[in-house]
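Me: I would like a close look at one part of this model, a pair of packed helices, and then at how the surroundings are built. Please give the cut-offs behind each term as you go.

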Amino acid sequence: MNTKKFSVTGMTCAACSAHVEKAVAEIPGVKNVSVSLLTNSMGVEFASPATAERICEAVDKAGYGAAPEDTGGADQSADAAAKKRAAGREALEDHETPRLLRRLIASVVLLVPLMYVSMGHLMWHWPLPAAFGGNPAAIGLYELLLTIVIMIINQRFFTGGFKSLIHGAPNMDTLVALGSGASFAYSTAVLFLMTGAVLSGGTHAAHAYLHDLYFESAAMILTLITVGKTLEAYSKGKTTNAIRSLMDLAPETAHVIREGMELTIPADQVRIGDTFIVRPGEKIPVDGRVTSGTSAVNESALTGESLPVDKAPGSDVSAATLNQNGFLTCTAAKVGSDTTLSQIITMVENAAATKAPAAKLADKVSGIFVPVVIALAVITGVVWMIAGREFGFALARAVSVLVISCPCALGLATPVAIMVGNGLGAKHGILFKTAAALESAGKTDIVVLDKTGTVTEGRPQVTDVIPAESVTEKELLALAGALEEKSEHPLARAVMEKIHETDTAYRPAEGFTALPGYGVTGTVAASMVDNGLPADTEAAAAFGGNAAFIEEKGLLTPEMKQQGIKLAGEGKTPLYFAAGGKLLGIIAVADAVKKDSATAVRSLHELGMQVVMLTGDNRRTAEAVAAQVGITRVVSDVLPGGKDAVIAQLASFGKVMMVGDGINDAPALTRADTGVAVGAGTDVALDAADVVLMKSTLTDVSAAVKLSRQVLTNIRENLFWAFFYNVIGIPVAAGVLIPAFGIVLNPMLGAAAMSLSSFCVVTNALRLNLFNIYRRGRNSKKKTVLLPDNLSGFQNISNNHMEESGMKKTISIDGMMCDHCRMHVEKALAAVDGVSKVEVSLADKKADVMLGKDVTDKALMDAVTEAGYTPVSVKES
């Protein structure tokens, strides 16, 4: 199955896009087609026998033009990538508004003298040049000539309109051409009658014919529609500002080192592996990795995060971000269309090219709208003639029906709101992959949050440093540093981070030994202990580890044991440190909750959504974390592949949004109505997610929901206006109010109304740019769905869902001493090809693995070893 994007030319209204869509959909092999009037593009999903050539031929036969867009790829040359970006930038430029403005100015210049004679003289008796005095035929001929010139200036309405009519797909241009053309043809016939009357000597009768001329209506209709088209084009041009501003972020040049020399070259010519330098104040040209230097880089252009991010050797950097204060040397890793910036632009463009479900009704109406309007106009004229009115009056009513009808407002109601909303999201690092994703996010009832990396930071951090009596915090940290410096355990790394943060001095322990499952031992200088040791004592035995290890050494005091139990109850892992026969204190480590998690959860509740935390952690740890952030419903102890089963169960209560890291949670993200990947950073092409959040900020979840709801509100407003305008305007134009109230709608007023309808829709969509997605408030709150208070049964559902008839193996493992160890082992084994289920027991020091196909014992043991632990044995069970 191929998915390809095409550029489409010749479309002017929703009826055009509907006809193109229908023509392509009829090709055998085409599975899905989406045409965007706003971006003049088309996305097609197809397989054999359909081809890109056949698709273009179908569009050509329908009366339009189509050409496949070059999507490039990883192997795309720098020049090709540059040309593609230039073409993309050129396509987004507003070329239509200047062209329409020139047409409008020329039309107005000619319309003013035409209206002066046709309306000013006849209605208000304004003076005329002597050449026209007493010569009605001269007046009629004058109006005819000016109208012809105006029609030539606006010939696009006629060429496009009648071409569409010939192809059996009448559009808005057809309505304008028929309305203006009918007025012109009728007026020309009247002019012939007028000249006949003049030749017969009936000057008085000829003057009477002046009131039956509709040349000014024909010209005014074209001019007013051009006014509307100009305003519409200008407003539509504004909707792509977000994409254009993203494209403008890319720097023009890069400083690369080749053959030992610094060269300044176009950024498009940087190749993978090139060494480039970035000075303070310069933008980074491509994605890469820092090899030397330190700096703070402002990444707000990509993520929306205003605070700069510190960069050091080994840090990743992204194109278009601003180097603030340091000199960086980097190696290019991604160039051309593979950079983060290019992927973001592609994602925003693709979302604009797709259609939201809300557009389906408008599309169906647009497909039949113009033929129905033409039929109504004919019926209107016939009915008035049957009613005894003269032909000129009946024609005026029919023309009014034609020119007041506006399918464009229907066609633009949804895509302009989607485009503006998507651009606003991109400015804040919130990327919606499709229009459907932007719509579905706002309909969410239940938000399911993965714990690790979503609610929490995703890595162990020191949360508490509790020294024993008469011991200082610095002394406790110095001992911990001495023991943990050589340890590779994740908890040890967290302790060392804390020591470096506090700039604590320490001397590495001698005779370091790691005791898997217990802790570490070593010998430290007696001066570090100050415990009343004999004066000639030079070294003291030191220990660090869990409560069982320290208790075995006889050093665990009741007070510290109780303190450790309290910390464990809060979901933290207490590490005890002792030396010289005395317990110096406890350092607690935990996967710390993100600073904004509680605020984010509160915001989601305010929006009327239920929040559920889903995790593979044990219930005690999960509930401790949930309590910190205000989540009352927790599903814990879920096996790696069982999260999607929980999502399926929750879906029976309402629309579900799953929020995870986009990698380990892929099945659950796919299963949910809306999958959200948090903290994507530079990896914006996460296949499983519908929405990608560039930052690790959980508040962006509620911001995405608020934005979606505001876009949905805007779409409803637009659709209401589009339908209401046509439902009210067409009957009034047909003259339904004439019998009761004597209200007659002049065709020129109908054209004015039509010209403003699309402009109003697009302008309303542009109001979205003023929306503050982070503003707190309950204005968009929806009715909250009811969920069971206790979701513990969902754990069993998910685990049962994972049961398979395949082989089961049990691996005995040494070295696990905390929940972080258990999670590392679980993740490592789950990544082995053929493993369908993993359950790790910290207490039993084992892992039960369910296999979907044959997996060797060596593969399983290697996975445990690579995770940093010791596999003892593997048994079939």
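Reply: Helix H18 (residues 473-484) and helix H19 (residues 490-501) pack with their axes 10 Å apart and at an angle of about 135 degrees, where helices (H or I, at least four residues) and strands (E, at least two) are DSSP runs numbered from the N terminus, and where axes are lines fitted to C-alpha atoms, for helices over the stretch in contact, with angles running from 0 to 180 degrees between N-to-C directions. H18 and H19 are therefore oblique to each other, given that angles under 35 degrees count as roughly parallel, over 145 as roughly antiparallel, 65 to 115 as roughly perpendicular and the rest as oblique. H18 passes H19 in a left-handed crossing, a term used if the near helix is turned anticlockwise from the far one by less than a right angle, with right-handed used if clockwise.

The model is a predicted one, in which local features need pLDDT of at least 70 and side-chain atom pairs count only at pLDDT 80 or more, while totals for chains, interfaces and linings use all residues. Residues are numbered from 1 along each chain as its sequence is written, and side-chain values use heavy atoms, with hydrogens and water left out.

On the H18 side the contact (heavy atoms within 4.5 Å) is made by Leu477, Ala480, Gly481 and Glu484, and on the H19 side by Ala492, Val495, Met496, Lys498 and Ile499. The residues of this contact of H18 with H19 divide into 6 nonpolar, 1 polar and 2 charged, where Ala, Val, Leu, Ile, Met, Phe, Trp, Tyr, Cys and Pro count as nonpolar, Asp, Glu, Lys and Arg as charged, and the others, Gly among them, as polar.

Turning to the interior, the largest nonpolar core holds 142 residues, of which Val20, Val24, Met42, Val44, Leu449, Val659 and Val701 touch the most other members; such a core is a set of buried Ala, Val, Leu, Ile, Met, Phe, Trp, Tyr and Cys residues joined through side-chain atoms within 4.5 Å, and buried means under 20% relative accessible area, exposed over 50% and partly exposed in between (1.4 Å probe, protein chains only). Helix H26 (residues 699-734) supplies the largest share of this core, 13 residues. Apart from this largest core lies another, of 59 residues, and Met496 is among them, as are Met560, Val835 and Val840. Met496 is also one of the H19 residues that make the contact with H18.

H26 appears again around helix H22 (residues 597-606), whose buried residues are Ser597, Ala600, Val601, Ser603, Leu604 and Glu606. Their cover includes strand S15 (446-450), helix H17 (451-455), strand S21 (582-593), strand S22 (610-614), helix H23 (619-629) and H26. Just after H22, Gly608 takes a positive phi of about 85 degrees.

Thr456 lies in strand S16 (residues 456-467) and counts as buried, at 0% relative accessibility. Leaving aside neighbours within four places in sequence, Thr456 is in contact with Lys451, Asp591, Ala592, Val593, Lys594 and Val625.

For the chain as a whole, there are 31 helices and 30 strands, and 54% of the 877 residues count as buried. Among the contacts in the chain with a separation of 6 or more, residues 24 or more positions apart account for 71%.
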